[in-house]
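Colleague: I should like to request a close look at a single part of this model, followed by its setting in the chain.

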Amino acid sequence: MRSFVAGIKVTLEGKINNDNDCKITKYCRLNRRTNELVDLQQVINEKINKKEVFYSFELFPMKGSSDIYKRFFAEMDKYSPLFYALTWHTKGLINSYLSLDIVEQFPSHTLLHVAAKGLKRSNVEMILKRAYHLGIRSIFALQGDSILEDGDFPHAIDLVKFIRSSFGKKFSICVAGYPDMHPLSPNKDFDLFYLKAKVDAGADFIITQIFFESDTFINFVNDCKNIGITIPIIPGIFPIPEYKCLQRMTNICRLHIPKKIVDRLETIKDDDEAVKNFGIEFAIDLIKDILESRASYGFHLFTLNKIPMAQNICNQLNLTYQLHSEQL
């Protein structure tokens with residue numbers, strides 16, 4: 001690994017330096033013990049203002065699997081993520097929310113996804129009150145893909161407005177951005193206009209959908225700035241774990257995959273180990289390119305609950321980036 005990446009210092013040992021126990025490391029450990037409340041909007045902006053690199057880990061809910069979360073936190077807390085995120089999933093029953101049950105096992109510096117399509121205001125009010133009672137202060141406001149059409153929140157912006165009108169500033173609100181454009185948007189300008197509307201409605205920061213080229217993200221950030229979006233934009237990084245998983249994600253999220261990546265994967269698609277290694281290397285290169293560009297000082301890793309993959313990426317990046325003030 002290079003010792004410097006465009007002014008970003010990287011140590012070469014490939015492990016966390018326990019002697020360099022920065023404030024956020026201590027903060028996260030204190031948080032795990034005491035469930036101290038966290039204002040994500042504030043801590044994200046603090047990291048950006050100090051030009052310090054930060055990162056977060058996303059997990060998805062699994063029934064009857066408390067041990068996986070305990071192991072994940074035990075292994076990944078050492079990398080001092082700024083926050084964790086838990087995606088939204090119901091149990092397929094009215095008023096039965098798997099993610100809301102599982103988030104009880106998570107620390108308070110957790111970004112809880114809430115996909116509101118098909119939900120009534122009373123449902124969402126109950127969800128948010130329970131999350132607040134559990135110490136969660138950050139919500140990822142999403143439309144979701146529920147087949148129910150009789151809810152009160154047809155779009156994510158409706159959820160953002162409801163949270164702000166009903167709960168004021170009690171929650172930090174994250175919304176989704178689409179560097180490759182939302183698959184249902186008629187054009188890029190419309191997509192950006194809608195994102196700006198979510199920001200104006202009260203969103204505090206943005207995490208992007210999956211993308212596969214650093215220039216796609218960098219151009220997206222510049223486009224957002226040009227229309228007056230000034231809140232933090234965090235790139236969502238997807239380390240391809242296996243060929244079939246990428247195919248599923250492509251179908252679900254309607255992702256645009258560059259031809260060079262498709263061609264490369266076609267040659268190794270039957271070799272799971274080769275695909276996994278390619279995915280890790282791809283994610284690392286993407287992160288390094290974005291940090292070099294200064295388009296973002298952070299990244300959000302879609303871990304798919306895979307501890308070894310997340311560790312591999314963390315260790316190879318070393319996650320002890322420090323910006324040199326003399327080079328800013």
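How many residues does helix H5 have, and what distance does it reach from its first C-alpha to its last? Please also describe what surrounds this helix.

Modeller: The model is a predicted one. Helix H5 spans residues 121–133, which gives 13 residues, and it reaches 18 Å from the first C-alpha to the last. That distance is close to the 18 Å expected at 1.5 Å a residue.

The buried residues in H5 include Asn 123, Val 124, Ile 127, Leu 128 and Ala 131. These residues lie on the same side of H5, because the arc they cover around the axis is only 125°. Ser 122 and His 133, on the other side of H5, are exposed. The cover over the buried residues of H5 includes two helices, H4 (98–102) and H6 (156–167), together with strands E5 (110–115) and E6 (138–142). Just after H5 comes Gly 135, with a positive phi of about 95°.

Strand E5, part of that cover, leads to a neighbouring strand. E5 and E4 run parallel and are joined by three bridges; in this pairing Leu 86 stands opposite Leu 112 of E5. Strand E4 (residues 83–86) directs Phe 83 and Ala 85 one way and Tyr 84 and Leu 86 the other way, and all of these residues are buried. E4 is also joined to E3, by four bridges, and these two strands likewise run parallel. Here Glu 58 stands opposite Ala 85 in E4. Together with helix H3, strands E3 and E4 make a right-handed β-α-β unit.

E3 and H3 also serve as partners of another helix. The buried residues of H12 pack against strand E3 (54–59) and helix H3 (66–76), as well as helix H11 (272–293) and strand E11 (298–302). In H12 (residues 307–317), the buried residues are Ile 307, Met 309, Ala 310, Gln 311, Ile 313, Cys 314 and Leu 317. Asn 318 follows H12 and has a positive phi, near 70°.

As to the chain as a whole, its secondary structure comes to 12 helices and 12 strands. Of its 328 residues, 52% count as buried. Among contacts between residues at least 6 apart in sequence, 77% join residues at least 24 apart. The chain exposes about 15,500 Å², of which carbon and sulfur atoms supply 49%.

Note on methods: Residues numbered from 1 in each chain as written. Predicted model: local features only at pLDDT ≥ 70, side-chain atom pairs only at ≥ 80, totals over all residues. Heavy atoms only, no water. Expected span 1.5 Å × (residues − 1). Buried < 20%, exposed > 50% of the residue type's maximum accessible area, 1.4 Å probe, protein only. Arc of directions from axis to C-beta. Contact = heavy atoms within 4.5 Å. Areas by Shrake-Rupley, 256 points an atom, 1.4 Å probe, with all protein chains shown as cover. Pairing = 2+ DSSP bridges. Right-handed = clockwise from strand over helix to strand, strands pointing away.
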